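Q: Can you walk me through a few local features of this one? I'll keep the questions short.

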Amino acid sequence: MKHSDQNQSKNRLAAVLLIWVLAACIVPNIWLSLTEPLTAVQALANILLPAGIYAVLMSLSRHIGRSSLWMITVMFFAAFQIVLLYMYGRSIIAVDMFLNLVTTNPDEVGELLGNMFPIIAAIIIIYLTPISLSVVAVVGKWRLTPRAQSVTRRSGIALALCGLILVGCSFFSSRPYSTLTDLYPVNVLYNVGLAVDRTKRLASYPETSSEFTFRATSTHTDSVPEIYVAIIGETSRADNWQLFGYHRPTTPELVGRSNLVGFGKALSQSNTTHKSVPMLLSALDASDFGDSLYTSKSFITPFKEAGFKTAFISNQNRNHSFIDRFGEEADTCVFIRELPANTINRHYDTDLLEYLDRQIADGGSRQLIVLHTYGSHFNYIDRYPQESAQFSPDGPADAIKAFRNEQLNAYDNTITLTSRLLSSIMDRLEQSGLRSALIYTSDHGEDIFDDERNLFLHASPCPSYYQIHVPFLIWTSSNFNEAYPDLLNNATINSEKFVSSSKAYFHTLMEIAGIASPRVRPSASLVNAFYAPEQPVYLNDHNRSVTLRESGLMTPDFHKLDSIGISYDMK
């Protein structure tokens, strides 16, 4: 009798584990049916078909522990998907999210997860608990009753058949439907395949790009020493720059500065670092990024072809991406966080000044120095010395809306540090007496719980206005303006026009430095009298150039674009 009671108890526990695992696996489907732009038929199909398949798989064996462990991969993707939905509110796990796993600094991941206790706790309860119970079930030999196994199997087959019928109907719905992009988890597995393919192609990059050339020459025929500093910021959004109308004094050193032109209508074509920075560093933009990335080189190469001494100095870690590859084209390539002498993990962007000074002191008749900052990346409070904080309180750093004011103060403090860095570089260049210029933009922006959507951070599968509206600056020295007065004047005239930072950065830098190449387009240069803005576009997750209407931007985003005068329906 006692043995019978034990078996019945194990049977009940097996049934509970079965229901728990099935529910855990189908949670993303239910959530996505509420967040994605699916018709009712499509949403129901995306729930019933996967639920039926999961039930059939779980019924293949009475050994419930074994069956549950078979579902670990499904539960892993489900947990990942739920975290994504918690962070960004919508969309499946994108290709870029998988690539972020291998290109993001582990310290950044730790900073983020350490401030996301609610969702981490939920993941532990929903997924880690049944996985742990599955191990117990294997050891304890929990089994489904024959009746429970049969009911699960028959129910799964019925649900799957209904789901298949609805999938068929979905192709005839008012909204276009594709299993590769709309059916979870098929769409996620498809994105995994794309991510693996891109990773393999990156590994072959040295071979596929070996023959690439810009055929660049210098149009500056005199022998006057020149130095150009190209700065790429991190996660800096234009809305928090005093220079572009922000109500706080975040950039006091730059406001009213002579020879400085700011472009307040600049949009990045990507909200992810591993795509936006390679576009800034090269002649590529959304129109040809996916096709040409693996055979192209950065703008460092045409500077070298034109006789410049080059340096790439980064305050970020290597991340096994094209940023590393492009940076290594320079004569000097330094990731200051990885130098043996730098034993501390925290480095501020002002630390870049020491390495800039060394490059200037080393001399050379013509120099290009590229600086890649850490800027305003979360966790914001770690990006600046606490004694320099201008806005407080700037903690705690918890990634929840209740602490938006503290997060905003910390974020604004990062902008003030960027302002001081840029001002210090301008001062150094002016005092050097060299003919010099500086160009700056950020890779992308950031959400900080700005509206009713409660969005936070960047790199979401669908962008927002705050993630793509970026600052863009051009500064030229007095000596430079004496030699080329028209360039700054043209920039001033173009400053009220729309700017695609991903496109304009390369062409503007080339013209400022007087480098000619068949790949340089004068109409894309902000210092050219014939600069011609084109329709704003976005590089989507599958590396296709789409209009902002097609990018995933929502009504609040278009209202913000309207407020700063950006026309997103240009013909």
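Q: How many residues does helix 21 have, and how far does helix 21 reach from its first C-alpha to its last?
A: Helix 21 covers residues 501-512, so numbered from the N terminus among DSSP runs (H or I, at least four residues, for helices; E, at least two, for strands). Helix 21 has 12 residues and reaches 16 Å from first C-alpha to last. That is close to the 16 Å expected at 1.5 Å a residue. The expected span is 1.5 Å times one less than the number of residues.

Q: What kind of model is this, and what are the ground rules?
A: This is a predicted model: local features need pLDDT of at least 70, side-chain atom pairs count only at pLDDT 80 or more, and totals for chains, interfaces and linings use all residues. Residues are numbered from 1 along each chain as its sequence is written, and side-chain values use heavy atoms, with hydrogens and water left out.

Q: Back to helix 21. How many of its residues are buried?
A: 11 of the 12 residues of helix 21 are buried, so the helix is mostly covered. Buried means under 20% relative accessible area, exposed over 50%, and partly exposed in between (1.4 Å probe, protein chains only).

Q: Which ones are buried?
A: In helix 21 they are S501, S502, K503, A504, Y505, F506, H507, T508, L509, M510 and I512.

Q: What follows helix 21?
A: G514, with a positive phi near 70°.

Q: Which non-glycine residue has a positive phi of about 55°?
A: N454. N454 is in the loop between strand 9 (447-448) and strand 10 (456-457). Its relative accessibility is 33%, so N454 counts as partly exposed.

Q: And which has a positive phi of about 60°?
A: N543, again not a glycine. N543 sits in the loop between strand 15 (537-539) and strand 16 (545-547). At 16% relative accessibility, N543 counts as buried.

Q: New topic. Where are the cis peptide bonds at P185 and P393?
A: One joins Y184 and P185, with omega about 5°. P185 lies in the loop between helix 9 (179-182) and helix 10 (186-203). Another runs from S392 to P393, with omega near 0°. P393 is in the loop between strand 7 (366-372) and helix 17 (404-432).

Q: Now packing. At what angle do helix 4 and helix 7 pack?
A: Helix 4 (residues 72-88) and helix 7 (residues 117-140) pack at about 165°, with axes 10 Å apart. Axes are lines fitted to C-alpha atoms, for helices over the stretch in contact, and angles run from 0 to 180 degrees between N-to-C directions. Helix 4 and helix 7 are therefore roughly antiparallel. The cut-offs: under 35 degrees is roughly parallel, over 145 roughly antiparallel, 65 to 115 roughly perpendicular, the rest oblique.

Q: Which residues make that contact?
A: From helix 4: I72, M75, A78, A79, I82, V83 and Y86. From helix 7: P118, I119, I123, Y127, P130 and I131. Contact means heavy atoms within 4.5 Å.

Q: What does V74 contact, leaving aside neighbours within four places in sequence?
A: C25 and Y54. V74 is in helix 4. The C-alpha atoms of V74 and Y54 are separated by 9.1 Å, 20 residues apart along the chain.

Q: How do helix 2 and helix 8 cross?
A: The axes of helix 2 (residues 40-58) and helix 8 (residues 146-170) come within 7 Å and cross at roughly 150°. That makes helix 2 roughly antiparallel to helix 8.
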